[in-house]
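Work through the following exercises with the sequence and the structure in view, and try each task before reading its solution.

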Amino acid sequence: MTAVIELWSGLHPLLQAVIKGLAVIGVMFPFGGACSLIERKVSAWMQGRPGPNRALPFWVAWVPGIGLLQRLGVFHLMADGGKMFFKEDPVPGHVNKFYFYLAPVVGMIPALTTVTVVPFGAYLNEAGKMVPLVLANLDVGILAVFAVSSLGVYALILAGWASNSKYPFLGGIRASAQLISYELSMTLSVLPVFLWVNVPGGNGTLSLFDVVSAQNGAWFGLWMPLSAIVFLVALFAETNRLPFDMAEGEADLVGGFHTEYGAMKWGLFFVAEYSHMLIGSGVFVLLFLGGWNPLPWVPLADVAVWLHLTTQPILLGLLSIGIFLGKALFFIFLFMWVRWTVPRFRYDQVMKLGWQKLLPLAIANLLFYALLIAWIQTRN
Amino acid sequence: MPYVVERKPLTLSERIYLPQILAGMRVTLRRLFAPNVTMEYPEQRPAIPTGYRGVPTLVKDPHGREKCVSCQLCEFVCPPKAIRITPGSVEDQPDRTHVEKGPQAFDIDMLRCIYCGLCQEVCPEEAIFLQNQYTLSGYTRAELVNDKAKLYELGGTLPDQHFKWDKKKAAAEHGNTH
């Protein structure tokens, strides 16, 4: 195992970066596909249907027990993906070709970029210090996430505009209006967390890893529940998930921004959407649910001591990734759960909720915690 | 009579809205684990109720004899003109010579059939029945025209309460043709 680590650190930094980049693509794309399958299955079960359960490639049909995988629809993932790659990709004659082709790419870039700054695990190094597992450990952490992930809406606007047709255009308009409305509340709801993490006299930090370190005791979600709720609601809006599905709104906008898209270009939008969901869930877990700490008041370092994993960085890393991903995946499920529970809001309701309810709530919440934290941290 | 629906003011939990969403999520979660209601069709088939009007078929009597006498009433009554009968003699059927007539060809175009059941209703011989089969598919239009052999294959044998032509034959042998 040390040989692997040595081999890795011996590589040229550029080569390391390329491998990391490929790893991101190699993880996020299948993840997007898997999520779409899980979405189909969850929706089916909630509606009393079995869901996709037919596809079975004939060359594996002889494997005993494969029927279970078939019933779970695992092979539909391959079928859907294959279809997406090979089907005809129509480009309507009335679109602005350059931007039409650009939009899905613009959608993917922020989705894949933000993953790099989200820590997804941690291990103890030789000095017994927690080290985050993250592709790019930036000091600006959360700022980078907010800054880059918000660029994803450009894809929607671009797609809506380049499609040169009414409904996509309306979808793009809605997406931008919605993003602007909810971005404010989202950012404001996160501020109390960083007010607490940045203790007076300490080093200023916006790093997500430091936020998790600050949650070795109580998780922020426990004593800042309002922040967590505002963040979560804004997250639903930011990721364009129901009940804030304005940009797509198939009942009133046909398909919204992606009406004119087909095949893999359409698929890229959805991989991007699921990537945003995963990143959003991950950031929520890091900020409010203790990241890779298994339970409140039970930090990962203690667990490592109990399980004698302090000298096993790789095993501990895997454990922390498992804990973190488990929590994040629960939120992916929550996204789907809410999607099949709540109907879509009307557009004016979305705007009213964003500006008249969520934003004042976020500001009041910020003021309350600013005063509270100031009082606690300057008491002694 | 017109009446006014009373609009109650929303309660606090309804105005906060999140508790309502949680209540809804409880319902969907229970549904998630509830058994499916879907019938997985080609493997599982629905129970066909009695009196179901499926594909029209020709039936034989319990002795395996053809019942149709090609009177062509069904052909005349068929609203979409799906039935085409070519009448023929029954000389090749020694046990039915007293019947005089039988269909030489009997075609039902299932692309025209509307499953109204008038042919069954009009048949004086109880020879044509709309039975339980409800699926049919084919690659060509010609495949969906059921000919006589296909109709008998689909129809099979149904019980007969009258054995009308046996009675007629017995009466004729006793010199009473009416």
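A salt bridge is a side-chain nitrogen of Lys or Arg within 4 Å of a carboxyl oxygen of Asp or Glu. The model is predicted, so local features need pLDDT of at least 70 and side-chain atom pairs count only at pLDDT 80 or more, while totals for chains, interfaces and linings use all residues. Residues are numbered from 1 along each chain as its sequence is written, chains are lettered from A and ligands numbered from 1 in the order in which they are written, and side-chain values use heavy atoms, with hydrogens and water left out.

**Exercise 1.** Find how many salt bridges cross the interface of chain A and chain B, and describe the one that Glu40(B) forms.

*Solution.* Applying the rule across the interface of chain A and chain B gives 3 salt bridges. Next, look at Glu40(B), whose partner is Arg54(A), with the closest N and O atoms 3.7 Å apart.

**Exercise 2.** Describe the extent of the interface between chain A and chain B.

*Solution.* Begin with contacts (heavy atoms within 4.5 Å): 18 residues of chain A touch 15 residues of chain B. Then turn to buried area, the accessible area (1.4 Å probe) that two parts lose on being put together, summed over both; here the two chains bury about 1400 Å², 64% of it on carbon and sulfur atoms. Finally, ask which residues contribute: Met46(A), Arg54(A) and Trp337(A) supply 32% of the area that chain A buries against chain B, more than any other three residues.

**Exercise 3.** Identify the residues with the most contacts inside the largest nonpolar core, and the helix that gives the most to this core.

*Solution.* A nonpolar core is a set of buried Ala, Val, Leu, Ile, Met, Phe, Trp, Tyr and Cys residues joined through side-chain atoms within 4.5 Å, where buried means under 20% relative accessible area, exposed over 50% and partly exposed in between (1.4 Å probe, protein chains only). The largest has 86 residues, and Val193(A), Phe231(A) and Leu287(A) have the most contacts inside it. Helix α13 (residues 263-288) of chain A gives the most, with 14 residues, helices being DSSP runs of H or I with at least four residues, and strands runs of E with at least two, numbered from the N terminus. Beyond its neighbours within four places in sequence, Leu287(A) contacts several residues, including Ile142(A), Val193(A) and Phe231(A).

**Exercise 4.** Is Pro46(B) buried, partly exposed or exposed?

*Solution.* First locate Pro46(B) in the loop between α2 (18-33) and β1 (56-58) of chain B. Pro46(B) counts as partly exposed because its relative accessibility is 33%. Leaving out residues up to four places away in sequence, Pro46(B) touches Met39(B) and Tyr134(B).
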